[in-house]
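Visitor: Hi! Could you walk me through the ligand site of this one?
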Amino acid sequence: MDRPETVSDLTGALRAGGYIADRGLATALYVAIRMHRPVLLEGEVGVGKTEVAKVLAAIYGRTLIRLQCYEGIDVNQALYEWDYARQMLHIRALSEHQVADPDSVDKLFGPKFLLERPLLAAVRAGEQAVLLVDEIDRADDEFEAFLLEVLSDFQISIPEVGTIKADSPPLVVLTSNRTRELHDALKRRCLYHWIGYPPADREVEIVLLKEPGVGMALTRKVVAAVNRLRELDLEKPPGVAETIDWARTLHFLGEKDLNPDVANDTLGAVVKERDDLELVRENLADVTAAGA
Ligand SMILES: Nc1ncnc2c1ncn2[C@@H]1O[C@H](COP(=O)(O)OP(=O)(O)OP(=O)(O)O)[C@@H](O)[C@H]1O
Ligand SMILES: [Mg+2]
């Protein structure tokens, strides 16, 4: 099957692919797939925004095409570039052979010398792809405006080659950590879903799905401790990724329980800022008492 028939279909397929989605997220994704709408996922760090796009691609047998955004990313890096090096070599070969054929000059700007970047690849692949535009908030305003244009008609014009249009649009998943506000125009094009920290029960489920060996009792304690950590005023509160990591680390070390000593020795799996470490160490008894 290459697309879900119902929201619960999708929820089941995601779970089988190793991802646990709540009803809200599954509904947003279902509508995105079935109505060909881009979906914008915002949320805390490490709550599964990027992962869900990867799992979607895997379960529906689509190619994952990832456009990782960063400060200063420009159109060339996202769309296409001409392969200058190969063009130069070609020109040299032409001149050595004294070829003056005007066609061979035209060929310099043909498909052979075109380097496909993620957006062009996604337009070409159409429905066969999931386009992940990751961390769009890191790109600047102009890039966002350009992206909006591509998302509105999935059509790319290359002056030397012509217009390339997707027969059917790819599934587009955009993620943002909200380091800046995105423009209304972009949001208007997209379905929006906020992914917060999961409730404890679901986080336990996620950990057990990823690390079945850890065991229910220890997983519960880890999740409770992480939830306490999220209530402290940390610079980098732990995401689900850290919860999994901490549980995995404890399991690897053969620990069966989470007491202050054990927690202290393994904090590096879950707290990644020096100032945060100090604050957490002061509160270790309290943190590990949670869920006891
Ligand atoms: N609901 C979930 N189901 C299964 N795994 C999850 C879920 N949420 C998070 N994870 C796990 O947490 C890890 C981090 O997820 P991911 O990288 O997608 O987070 P993110 O929201 O993109 O974070 P960042 O903001 O740092 O990019 C992944 O390895 C994933 O396996
Ligand atoms: Mg991410």
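Visitor: How many nonpolar, polar and charged residues are in the shell around ligand 1?
Guide: Eight nonpolar, five polar and four charged. Here Ala, Val, Leu, Ile, Met, Phe, Trp, Tyr, Cys and Pro count as nonpolar, Asp, Glu, Lys and Arg as charged, and the others, Gly among them, as polar. This is a predicted model, where local features need pLDDT of at least 70, side-chain atom pairs count only at pLDDT 80 or more, and totals for chains, interfaces and linings use all residues. Residues are numbered from 1 along each chain as written, chains are lettered from A and ligands numbered from 1 in written order, and side-chain values use heavy atoms, without hydrogens and water.

Visitor: Which residues are the closest to ligand 1?
Guide: Ile20, Lys49, Thr50, Glu51 and Asn177, out of 17 that surround the ligand (a heavy atom within 4 Å).

Visitor: And which polar side-chain atom lies 2.7 Å from a ligand oxygen?
Guide: One from Lys49. A polar side-chain atom of Glu135 lies 3.2 Å from a ligand oxygen, and a backbone N or O atom of Val47 is 3.1 Å from one. The cut-off for a polar contact is a pair of N or O atoms within 3.5 Å.

Visitor: How much of ligand 1 does the protein bury?
Guide: 81% of the 640 Å² that ligand 1 exposes when taken alone (Shrake-Rupley method, 1.4 Å probe).

Notes
A polar contact is a pair of N or O atoms within 3.5 Å; within protein, one must be able to donate a hydrogen and the other to accept it, and residues adjacent in sequence count only if both atoms are side-chain atoms.
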